[in-house]
Amino acid sequence: MASGQSVAVADDRGATAPREALLELVDVHKRFGGVAALRGVSFSVFTGEVLGLIGPNGSGKSTCVNVISGLLAPTSGSIRFLGGATAGLGVDRMVERGLARTFQTTSVFTEFTAIENVLAASHSRFRIGAARSMLGRGAAAREEAGLRERGAQILGLVGLDGSADVAAASLSSAQQRLLMIANALATEPRLLLLDEPAAGMVASERKALASLILRIRDRGVGVLVIEHHMGLIMEVCDRIVVLNFGEKIAQGARAEIGRDPRVIEAYLGQAH
């Protein structure tokens with residue numbers, strides 16, 4: 001598939017309209033010494049879809065996400081984001097281009113309030129330049145007020161509107177995970193990577209998370225979800241990619257993946 005090409009993608013919503021490829025991995029390999037963590041992985045993520053990336057422990061999911069986000073460089077193969085090669089960009093440049101991610105472990109500024117966390121994330125993307133600052137404090141103050149209003153809207157989107165002035169350290173584990181998503185959204189991503197977003201959540205919290213992921217998708221953001229909880233994957237994902245021992249063994253809509261004997265064998269150790 002040519003870079004940046006729009007294709008018709010069938011999924012469990014019955015969607016077949018052309019959609020833009022936000023992210024494209026082509027024959028990506030990653031080696032750590034003599035260990036092959038990824039072996040020829042290829043897949044794409046499209047505008048306005050939720051793609052699930054699943055696989056047993058040690059299948060290469062975390063390595064794949066770290067390569068996509070710029071934390072690691074692939075040993076070979078190519079990754080394109082919004083039609084441009086990502087080689088050598090690193091995490092900061094990927095964020096500037098429009099890719100944001102959350103992590104398996106909670107990563108927020110615990111000494112900041114929720115709104116201060118979102119403002120800090122916003123400033124990483126929307127910095128007031130020195131030249132503009134010299135024009136006067138009024139312009140800077142107006143932009144700061146705009147960022148604060150936008151931050152409050154993002155907290156409302158993720159369900160933390162009542163916790164804007166609460167210190168992140170006082171939030172529950174599930175709320176801190178929602179705050180991580182809010183921080184990622186503050187950078188205005190075109191593609192959002194969620195790494196184990198449901199970790200430690202109870203059923204009601206996972207249900208709220210599923211609803212949030214679908215709302216983000218419906219705003220036109222591509223979402224890549226890496227998750228062990230298959231209930232969440234089957235609820236929110238339009239398509240699913242399955243890794244095992246660093247290789248892609250299956251790809252398709254939820255219904256296809258759920259009955260694929262290769263996937264069943266990878267998870268259960270034998271075909272059923």
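This section describes the overall make-up of a predicted model, then strand S9 and its neighbours, a pocket, and several individual residues.

The secondary structure of the protein comprises ten helices and eleven strands. Of its 272 residues, 47% count as buried. Among the contacts with a sequence separation of 6 or more, 66% are made by residues that lie 24 or more positions apart.

Strand S9, formed by residues 222–226, is largely enclosed by the rest of the structure, because five of its five residues are buried. In a regular strand, side chains alternate between the two faces of the sheet. Both faces of S9 are covered: one side carries Gly222, Leu224 and Ile226, the other carries Val223 and Val225, and all of these residues are buried.

Two pairings of S9 can be described. Strand S4 (residues 50–54) runs parallel to S9 and is joined to it by four bridges; in this pairing, Leu53 stands opposite Ile226. Strand S8 (residues 191–195) also pairs with S9 in the parallel sense, over five bridges, and here Leu193 is placed opposite Leu224. Leu224 and Ile226, the S9 residues named in these two pairings, belong to one side of the strand. The connection between S8 and S9 involves helix H7 (residues 203–218), and the three elements together make a right-handed β-α-β unit.

The loop between S8 and H7 contains Glu196. The phi angle of Glu196 is near 50 degrees, a positive value in a residue other than glycine. Most residues other than glycine have a negative phi. With a relative accessibility of 7%, Glu196 counts as buried, since the cut-off for this class is under 20%. A positive phi, likewise near 50 degrees, is found at Asp27, which is placed in strand S2 (residues 18–32). Asp27 counts as partly exposed, at 40% relative accessibility.

On the other side of H7 in the sequence, the loop between H7 and S9 holds Arg219. This residue is exposed, with a relative accessible area of 61%. Arg219 and Arg190 are separated by 29 residues in sequence, and their C-alpha atoms are 9.9 Å apart in space.

Arg219 also takes part in lining the second largest pocket, which contains about 220 Å³ of space. The other lining residues are Arg150, Gln153, Ile154, Leu157, Leu185, Glu188, Pro189, Ile216 and Val221. By class, the lining divides into six nonpolar residues, one polar residue and three charged residues. Helix H5 (residues 137–158) gives the most to this lining, with four residues. Ile216, another of the lining residues, falls within the range of H7, residues 203–218.

A further buried polar position is Asn244, in strand S10 (residues 239–244). Asn244 has a relative accessibility of 17% and therefore counts as buried, the limit being under 20%. Leaving aside residues up to four places away in sequence, Asn244 touches Pro56, Ser59, Ile249 and Ala266.

Technical notes. Residues are numbered from 1 along each chain as its sequence is written. This is a predicted model: local features need pLDDT of at least 70, side-chain atom pairs count only at pLDDT 80 or more; totals for chains, interfaces and linings use all residues. Side-chain values use heavy atoms; hydrogens and water are left out. Buried means under 20% relative accessible area, exposed over 50%, partly exposed in between (1.4 Å probe, protein chains only). Two strands pair if DSSP finds at least two bridges between them. A crossover is right-handed if, with the strands pointing away from the viewer, the path from the first strand over the helix to the second runs clockwise. On a 1 Å grid over the protein atoms alone, a cavity is a set of points where a 1.4 Å probe fits but cannot get out, and a pocket is an open set with protein on both sides within 12 Å along at least five of seven lines; lining residues have an atom within 4 Å of a point. Grid points are joined across faces, edges and corners, and a volume is the space filled by probe spheres set on the points. Ala, Val, Leu, Ile, Met, Phe, Trp, Tyr, Cys and Pro count as nonpolar, Asp, Glu, Lys and Arg as charged, and the others, Gly among them, as polar. Contact means heavy atoms within 4.5 Å.
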